[in-house]
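Reader: Please take a close look at the charged side chains and the annotated sites. Keep it brisk, and give me the cut-offs as you go.

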Amino acid sequence: MSNALTPGARFRKALAENNPLQIVGTVNAYTALMAERVGHHAIYLSGGGVANASYGLPDLGMTTMNDVLEDIRRITGAVETPLLVDIDTGWGGAFNISRTIKEMERAGAAAVHIEDQVAQKRCGHRPNKAIVTKEEMVDRIKACVDARTDENFFIMARTDAFQQEGLEAAIDRAQACIEAGADGIFAEAVTELDHYKAFSSALDAPILANITEFGATPLYNRSELAEAGADMVLYPLSAFRAMNKAALMVYENILDKGDQKDVVDLMQTRMELYDFLNYHQFEEKLDALFANKKSDQ
């Protein structure tokens with residue numbers, strides 16, 4: 001059933017109704033279906049997830065806008081849950097960023113975050129990142145805001161400045177992005193709860209905490225993050241990592257033992273899969289159509 005609200009309006013509604021709003025990574029349409037069915041109010045498409053899962057590439061800015069759009073369309077075609085999308089550095093200058101925003105809206109995304117790394121970017125939790133000047137990042141935000149056609153489309157500024165320049169410089173940069181029109185701040189690779197408190201106290205905009213595994217940020221609980229002032233908590237690749245671990249165990253077990261008996265308990269059953277896909281409703285419709293054809297003969 002279609003939703004009367006735009007994707008951006010649905011994202012803002014979810015943000016207003018959840019403190020903090022948990023946003024879970026979905027690498028494809030089926031994982032989005034599962035996240036929606038269990039009750040999540042917002043989902044996420046990671047640039048690293050697209051590179052890793054869809055193209056078998058590292059998260060080093062090697063995928064294009066069109067690569068990401070294809071995955072967005074598949075996800076937004078399957079679920080109504082608002083989708084936050086990682087658009088890396090926007091794929092170019094002001095005109096490219098403008099086109100990116102328009103294409104994101106057209107594909108059904110609800111929100112995006114754009115970052116202040118240089119175009120030849122790295123994973124946010126890796127060393128040796130380089131960032132553009134505050135002025136260039138502000139220009140990126142202005143290009144995003146100017147390009148959106150739905151005023152509810154949510155534009156988030158991600159800053160990687162904390163690791164490079166420290167807390168005060170990161171907050172100063174975030175403030176400049178808000179003044180340029182950013183709706184929220186993604187404080188990347190922050191390490192302490194007190195740092196989130198500092199962002200929240202200094203800024204009049206929602207703050208996102210990226211709680212990614214094996215990164216620089218400890219795996220804080222959502223209640224801890226809420227107390228520290230985080231309005232959104234992102235789990236970008238948690239399910240993807242779990243899926244990968246399970247798949248590897250299955251592949252190795254089949255090779256080593258000649259069958260999959262020992263790893264069946266790791267698997268989703270056929271009936272569970274069918275339930276998430278509404279398989280039987282489709283099949284009943286198919287049966288009804290063929291029954292009508294036979295009766296017409």
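Author: Start with R12 and D183, which form a salt bridge whose closest N and O atoms are 3.2 Å apart. A salt bridge here is a side-chain nitrogen of Lys or Arg within 4 Å of a carboxyl oxygen of Asp or Glu. R12 sits in helix α1 (residues 7-17) and D183 in the loop between α8 (167-179) and β6 (184-187), so this pair ties together parts 171 residues apart in sequence. Helices (H or I, at least four residues) and strands (E, at least two) are DSSP runs, numbered from the N terminus.

A word on the model. It is predicted, so local features need pLDDT of at least 70 and side-chain atom pairs count only at pLDDT 80 or more, while totals for chains, interfaces and linings use all residues. Residues are numbered from 1 along each chain as its sequence is written, and side-chain values use heavy atoms, with hydrogens and water left out.

Back to the pair. R12 is partly exposed at 25% relative accessibility. D183 is buried, at 17%. Buried means under 20% relative accessible area, exposed means over 50%, and partly exposed lies in between (1.4 Å probe, protein chains only).

The whole structure holds 19 salt bridges. Side chains of opposite charge can pair when their charged atoms come close. Helix α1 supplies another example. There, E17 and K13 meet at 2.9 Å, N to O. They are 4 residues apart in helix α1, which means about one helical turn separates them. E17 is exposed, with a relative accessible area of 54%. K13 is partly exposed at 43%.

Helix α6 holds a pair too. E136 and R140 form a salt bridge of 3.5 Å, N to O. Their spacing is 4 residues within helix α6, again about one helical turn. E136 is partly exposed at 38% relative accessibility, whereas R140 is buried at 7%. Elsewhere, E70, D71, R73 and R74 are linked in a network of salt bridges.

Now the annotated sites. An unreviewed UniProt entry lists S46, G47, G48, C123, G124, R158, E188, N210, I211, T212, R241 and R270 under "binding site". These positions span 225 residues in sequence, and their farthest two C-alpha atoms are 40.0 Å apart, so they do not all gather at one spot. UniProt positions follow the numbering used here, feature names are shortened, and annotations may be inferred rather than shown by experiment.

Take R158. It lies in strand β5 (residues 154-159). It is buried, at 5% relative accessibility. Its side chain joins that of E115 in a polar contact of 3.4 Å. A polar contact is a pair of N or O atoms within 3.5 Å; within protein, one must be able to donate a hydrogen and the other to accept it, and residues adjacent in sequence count only if both atoms are side-chain atoms. Setting aside neighbours within four places in sequence, R158 is in contact (heavy atoms within 4.5 Å) with H113, I114, E115, D116, Q117, G124, M137, F186 and E188.

C123 is in the loop between β4 (111-115) and α6 (134-147). At 28% relative accessibility, C123 is partly exposed. Not counting residues up to four places away in sequence, C123 touches D59, Q117 and K129.

The "binding site" annotation of the unreviewed UniProt entry also covers D86 and D88. D86 is in strand β3 (residues 83-86). It is buried, at 4% relative accessibility. Beyond four places in sequence, residues touching D86 include S46, G47 and G48, each of them listed by the record. H113 and E115 also touch D86. D88 is placed in the loop between β3 and α5 (94-107). D88 is buried, with a relative accessible area of 5%. Its contacts, with neighbours within four places left out, are G47, H113, I114, E115 and K121. E115 therefore recurs: it touches R158, D86 and D88.

Last, the cysteines. The structure holds 0 disulfides (a disulfide is a pair of cysteine sulfur atoms within 2.5 Å). C144 is in none; the nearest cysteine sulfur, that of C177, is 9.8 Å away. C144 is buried at 0% relative accessibility, and C177 is buried at 2%.
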